[in-house]
Amino acid sequence: MAEDGAIGAYIVSDYTLNNPDTLTKYKTAAQISHRVLEAVTGWCTEGAKILSICERGDKLLEEEVAKVYKGKKIPKGISHPTTVSPSSFITPYTPLSTDAEDAAMVLKAKEPVKIQLGAQIDGLGTIVCDTIIVSAKGGEVSGREADLMLATYYANELLLRLMIPPGLLASGTDEEKQKASTQKPATQSKITQMLEKVVKSYDCNLVEGTTSWLFDRNEIESKKKIVLAAADGSKAEGIPELGDVWGVEMGVSLGTGKIKTLDNRPTLHRRTAITYQLKRPSSRQILSEIVKKFGTFPFSLRQLEDERAAKVGVVECVRQNVVRQYEVVSDKDSAPVARLLTTIAITKNGIMRLAAPPALDTSKYKTEKKITDEEILKILEQPTARSTGAKSKNKKKKKKPAKKVAEDDEDEDSSDEE
């Protein structure tokens, strides 16, 4: 919930990463997101009700947000409600207590579950999504579940490396650095092609239409985007650049990766920039509550004061496009799906993972499948950030070459500054 006034009421002149306060606020929001993600992950056990997990997650987000920037006229709140998406569900899922069938849905053993949530400080939001296998509890995972998790992890690591502007981390002579900086960034089709090689190594497919967005203040879908496996011809808009903050998303399916819209009620919404004089008093009341509590960040209908009234009042808001509803989408073949979402900042030292899912301990996922493409393996060995000389906080033992990917990056991210 936004505090100390509506989002956007507090104004400063510079919200770019050139302002150290901006990065501090992003980091503070990310720390909250990480703490709550860890707690929610622990609640995702066999038989647990999805609704209860989401409600507890949002309560914890609000409690954690309330602890920071006390007494300052800085808006703060939830940048994305707690959502828990079971096996084949792709989009963030947050059921309502007033929809009996959805409210009764529970988690099943061995299914991949996607947890997504986020916090914002002064309109600077971080969102994180992780996929876990229910009831794994640190034990080994084998079979197709292992294939899915490894495919998603390595595809995500490759995508993050392809987001680095050419030449940013180049070493060598000035001439060599200049030459590296003149290389063209990978195109959307090239990125998709390379990621497909990774996931197909594990007999998986990219989820069509998986989109990474540029983040701005009060905006999680800004002027740039990259669309993976675009089925409708969607094209990339803009390229990652120094000073950008992105929400980088990866979606992988054990099926074809094709999608379908389910009959479940859309409960995740977000206010748009469109203005319209709503006719129904109930609709105007709901919109007023949305603006005050959430600004332009996503929210669940269950977060509104009167859930039943919200279900009615939001109808006109959606019909007149002042509020966008997110349809509940799943894999077309009802195959298990995994998703990851990482909020990153592109700094002079490379990619800083502001809010990121925990690095996967690949030694616990058993499969005979592996990546063999030499070009991809070479890229995966590259760091995502330049080491700044700080001592490593990560004591984990390196288990295999590709595992080095995340361990090195965690060390570098912990000391990376703009």
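Let's start with strand 2, residues 112-121, where both faces are covered: Pro112, Lys114, Gln116, Gly118 and Gln120 on one side are buried, and so are Val113, Ile115, Leu117, Ala119 and Ile121 on the other. By buried I mean under 20% relative accessible area, with exposed being over 50% and partly exposed in between, using a 1.4 Å probe and protein chains only. In total, 10 of the 10 residues of strand 2 are buried. The two lists follow a familiar pattern. In a regular strand the side chains alternate between the two faces of the sheet.

A word on the source: this is a predicted model, where local features need pLDDT of at least 70 and side-chain atom pairs count only at pLDDT 80 or more, while totals for chains, interfaces and linings use all residues. Residues are numbered from 1 along each chain as its sequence is written, and side-chain values use heavy atoms, with hydrogens and water left out.

Now, which strands pair with strand 2? Strand 1 does, in the antiparallel sense over 7 bridges, and strand 3 does too, antiparallel over 10 bridges. For pairing, DSSP has to find at least two bridges between the strands. The strands themselves are DSSP runs of E with at least two residues, and helices are runs of H or I with at least four, numbered from the N terminus. If you want pairs to click on, Lys76 has Ile121 of strand 2 as its bridge partner, and Gln116 is matched with Cys129 in strand 3. Strands 2 and 3 form a hairpin with 2 residues between them, and there Asp122 takes a positive phi near 60 degrees.

Let me move to strand 14, residues 337-347. Here 11 of 11 residues are buried. Val337, Arg339, Leu341, Thr343, Ala345 and Thr347 point one way, Ala338, Leu340, Thr342, Ile344 and Ile346 the other. Strand 8 pairs with strand 14 in the antiparallel sense over 9 bridges, and Glu249 has Leu341 as its partner there. With strand 15, strand 14 makes 5 antiparallel bridges, one example being Thr343 with Ala355. The hairpin that joins strand 14 to strand 15 has 2 residues in between.

So what do these strands surround themselves with? Let's look at helix 1, residues 20-43. At 1.5 Å a residue its 24 residues should span 34 Å (the expected span is 1.5 Å times one less than the number of residues), and the end C-alpha atoms are 35 Å apart, which agrees. At the N-terminal end, Asn19 acts as the cap, with a side-chain oxygen 3.0 Å from the backbone nitrogen of Asp21. The buried residues of helix 1 include Leu23, Tyr26, Ala30, Ile32, Val36 and Val40. Among the elements covering them are helix 2, strand 1, strand 2, strand 3, strand 8 and strand 15.That brings us to the cores. A nonpolar core is a set of buried Ala, Val, Leu, Ile, Met, Phe, Trp, Tyr and Cys residues joined through side-chain atoms within 4.5 Å. The largest one has 48 residues, and those with the most contacts inside it are Cys44, Val84, Leu107, Ile115, Leu117 and Leu354. Helix 1, helix 2, strands 1, 2 and 3, and strands 14 and 15 each supply at least two of its residues. The largest share, 8 residues, comes from helix 1. Apart from this core lies another, of 44 residues, including Val141, Leu228, Val248 and Ile344.

Leu354 is a good residue to select on screen. Leaving out residues up to four places away in sequence, Leu354 touches Leu23, Tyr26, Lys27, Ala30, His34, Val245, Thr343, Ile344 and Ala345. A contact here is heavy atoms within 4.5 Å.

Next, a sheet elsewhere in the chain. What is the order of its 3 strands? The order is 11-10-12, in an open sheet with antiparallel pairing. Strand 11 (299-300) and strand 12 (323-326) stand at the edges with a single partner strand each, so one side of each has no neighbour in the sheet. Strand 10, residues 268-271, is joined to strand 12 by 4 bridges, and Arg271 has Val323 as its bridge partner.

Two helices lie across this sheet. Helix 7 (residues 281-294) lies across strands 10, 11 and 12, at about 85 degrees to strand 10. Helix 8 (residues 307-319) lies across strands 10 and 12, at about 105 degrees to strand 12. Those angles run from 0 to 180 degrees between N-to-C directions, with axes fitted to C-alpha atoms, for helices over the stretch in contact.

Finally, the whole chain. The secondary structure comes to 10 helices and 16 strands, and 55% of the 418 residues count as buried. Among contacts with a separation of 6 or more, 77% are between residues 24 or more positions apart. Thanks, everyone!

Key
Polar contact = N/O pair within 3.5 Å; in protein donor to acceptor, adjacent residues only side chain to side chain.
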